[in-house]
Amino acid sequence: MGLFDRFRRSRRSGGAASPTDRSHLADWASSRIGVEAYVEPQTTVTPVTVVLVANDGEWTRRAVGGDKGARKLGEDLKIPVYDVRKTGYPQRMRDHDARQKIIRKREQGL
């Protein structure tokens with residue numbers, strides 16, 4: 001196996017999300033309120049991913065098997081799906097990250 005084989009394979013797959021990722025996203029979405037999906041484009045390093053963002057700004061990210069996989073996930077979970085290139089990330093996500101950073105600093109005694 002070559003150094004970049006892993007990336008080549010993931011780009012070609014374009015099908016559905018892995019069962020583990022799909023299960024994680026479904027469980028995560030069902031245990032939170034007001035979840036929305038934000039589709040992130042493929043980069044040279046990562047495949048198409050989806051970020052699920054809850055009402056309080058908590059979020060999770062997983063690969064979903066392309067744009068079609070992200071749209072299918074949204075349909076299956078009955079949540080809205082947005083293209084992050086058009087909408088950007090929600091402010092509540094950035095606010096959540098800022099709160100978590102403050103909490104980590106306090107726990108470290110800084």
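Me: Which residues does Val 50 touch, not counting residues up to four places away in sequence?

Reply: In this predicted model, Val 50 touches Leu 25, Ala 37, Tyr 38, Val 39, Thr 60, Arg 61, Arg 62, Val 64 and Leu 73.

Me: Where does Val 50 stand in the largest nonpolar core?

Reply: That core has 15 residues, and Val 50 is among those that touch the most other members, along with Leu 25, Val 35, Leu 52 and Val 64. The elements giving two or more residues to this core are the helices α2 (19–30) and α3 (66–77) and the strands β1 (36–40) and β2 (49–53). With 3 residues, α2 gives the most. A second core of 5 residues is separate from this one and includes Val 51, Val 53, Val 84 and Met 93.

Me: In what order do the elements run from the N terminus on?

Reply: The order is α-α-β-β-β-α-β-α-α, from 5 helices and 4 strands.

Me: How should I read burial and contact range for the chain as a whole?

Reply: Take the totals together. Of the 110 residues, 30% are buried. For contacts between residues at least 6 apart in sequence, 57% join residues at least 24 apart. The exposed area is about 7,400 Å², with 53% of it supplied by carbon and sulfur atoms.

Me: Where does pLDDT stay under 50?

Reply: The general idea comes before the case. Where pLDDT is low, predicted coordinates should not be read in detail. Here the stretch is residues 9–13, for which the model has 4 contacts beyond four places in sequence. Over the chain, pLDDT averages 88, and 85% of the residues score at least 70.

Technical notes. Residues are numbered from 1 along each chain as its sequence is written. This is a predicted model: local features need pLDDT of at least 70, side-chain atom pairs count only at pLDDT 80 or more; totals for chains, interfaces and linings use all residues. Side-chain values use heavy atoms; hydrogens and water are left out. pLDDT is the predictor's confidence in each residue, from 0 to 100. Contact means heavy atoms within 4.5 Å. A nonpolar core is a set of buried Ala, Val, Leu, Ile, Met, Phe, Trp, Tyr and Cys residues joined through side-chain atoms within 4.5 Å. Buried means under 20% relative accessible area, exposed over 50%, partly exposed in between (1.4 Å probe, protein chains only). Accessible areas come from the Shrake-Rupley method with a 1.4 Å probe; for residues, only the protein chains shown count as cover.
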